[in-house]
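Please walk me through this structure, beginning with one loop position and ending with the way in which the chains meet.

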Number of protein chains: 2
Amino acid sequence: MNLLLLSNSTSDAGYLTHALPWVREWAAHHDTSGDALFVPYAGVTRTWDAYEALVAEALAPLGLRVRSVHQLADPVAAVQGARHVLVGGGNTFALLRSLRATGLLEAIGARVRSGEASYLGWSAGSNVACPTICTTNDMPIADPGGFDALGLVPVQINAHYTDAHPPGHRGETREQRLREFTTLNPGMPVLGLPEGTGLRVRGGRSQVLGAAGARRFHGNLAPQWLAEGPLESL
Amino acid sequence: MNLLLLSNSTSDAGYLTHALPWVREWAAHHDTSGDALFVPYAGVTRTWDAYEALVAEALAPLGLRVRSVHQLADPVAAVQGARHVLVGGGNTFALLRSLRATGLLEAIGARVRSGEASYLGWSAGSNVACPTICTTNDMPIADPGGFDALGLVPVQINAHYTDAHPPGHRGETREQRLREFTTLNPGMPVLGLPEGTGLRVRGGRSQVLGAAGARRFHGNLAPQWLAEGPLESL
């Protein structure tokens, strides 16, 4: 498998700009002459047309020709022939609901697992690459018909990971929320990916991308920071 | 119906301390000599025994005798005879899953709707009083088997409502998240309850409690602040 799972899309430099070198390296795994299929379903307050245009413009410097599945008569068939699948951020619940309803959940999973397509996700698109969406930060605005997701990696990702906590706020910190998850799911590790970071998986090798590293939670173990670079295992 | 739905439990003054005057007024609606049944299922990283003790101590000054349903052989029967039902905060998904699995979701809904029991919830306990849990801030660490909840009020509550946004954070603001909800659910209003506030419902009358007021979202309308005091309608 060839995966690039980013924490976030936006930065002061522009949409996906911070990640372009990583996306370039990821895309070169396959011939980039065909359509790069984009899944816009996580977009709720932007139109899917606008979302497609945003991503197409962001990735144009790499020579990727972005085409959104919402424009296609048969998205499943398109996935079955795709070399590059891009799944954008937004609301994870809305995304998973649509992936399930359209049959793309199964189609993307099979295609990417076979190695014939590469997978790029950011934010919600990284969440659905995990076994479940149980570590999303998003609001459950739509029932996704079950929390099981693509399961492309054997860990849960928490995107936009932060230790910050607004003064006076009495809600849970991110670490408290993730400890609730690891309490109920002691066998499943979680990678908290701060802004500007990502997880790169190529074949059996994985690495953390981005200077901020990643925060790993697992069962009752003390959380630990993983530095940018190769991981011994996921 | 007699409901008190709080945003939060903790404050510098102590557990539930800021809300004691409101709880006192709420409790006086019924004879307080029996057990006040406590539902601890939202607690994930604290034990239910410890949670019961915490709440019992907090409410002792009001003369409420707190008993947690996890101690009882037949929680449904206990609810069917209860005058006061307390549902504590923690993780909304874990709470709803257990409410559904134990039959308490139906039992509490019926008992409170009949007017024979009063309902006090805070944080997750306020979320489950709404039609669905679709406006919780919590992480979906457990599949609740559907998002439908008690439906005691015709609005969605967003507890711990805040405008704050940590600097550098690229995830959604709370307002963005709630606008995603109102985009998909234009007919359902949302009340954002800041820390230290609550919603009081008695019969057909409702009021916002707490100086910070409440933030109302509805469809495409501009969000508005509601001041502390009576509401014309929910």
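Helices (H or I, at least four residues) and strands (E, at least two) are taken as DSSP runs and numbered from the N terminus. This is a predicted model, in which local features need pLDDT of at least 70 and side-chain atom pairs count only at pLDDT 80 or more, while totals for chains, interfaces and linings use all residues. Residues are numbered from 1 along each chain as its sequence is written, chains are lettered from A in the order in which they are written, and side-chain values use heavy atoms, with hydrogens and water left out.

In chain B, B:Thr197 lies in the loop that runs between strand E7 (190-194) and strand E8 (198-202). B:Thr197 is buried, its relative accessible area being 0%, where buried means under 20%, exposed over 50% and partly exposed in between (1.4 Å probe, protein chains only). Its side chain reaches the backbone oxygen of B:Pro194 at 2.7 Å. When neighbours within four places in sequence are left aside, the residues in contact with B:Thr197 (heavy atoms within 4.5 Å) include B:Leu6, B:Trp22 and B:Leu209.

The relation between the chains comes next. Chain B is superposed on chain A by a rotation of 180 degrees with 0.0 Å of shift along its axis, at an RMSD of 0.0 Å, which is the relation of a two-fold axis; the fit is by least squares on the C-alpha atoms of residues with pLDDT of at least 70 in both copies. Of the residues of chain B, B:Pro166 comes closest to that rotation axis, its C-alpha being at 3.2 Å.

At the interface, 44 residues of chain B are in contact with 44 residues of chain A, and 100% of the interface residues of chain B are also interface residues in chain A, so the copies meet through the same surface. The two chains bury about 3,500 Å² between them, 61% of it on carbon and sulfur atoms, buried area being the accessible area (1.4 Å probe) that two parts lose on being put together, summed over both.

Two salt bridges are counted between chain B and chain A, each requiring a side-chain nitrogen of Lys or Arg within 4 Å of a carboxyl oxygen of Asp or Glu. In one of them the side chains of B:Asp138 and A:Arg177 meet at 3.2 Å, N to O. Helix H4 (92-102), strand E6 (156-161) and helix H7 (174-184) of chain B each supply at least two residues of the side that touches chain A, and H7(B) gives the most, with eight residues.

Conventions: Polar contact = N/O pair within 3.5 Å; in protein donor to acceptor, adjacent residues only side chain to side chain.
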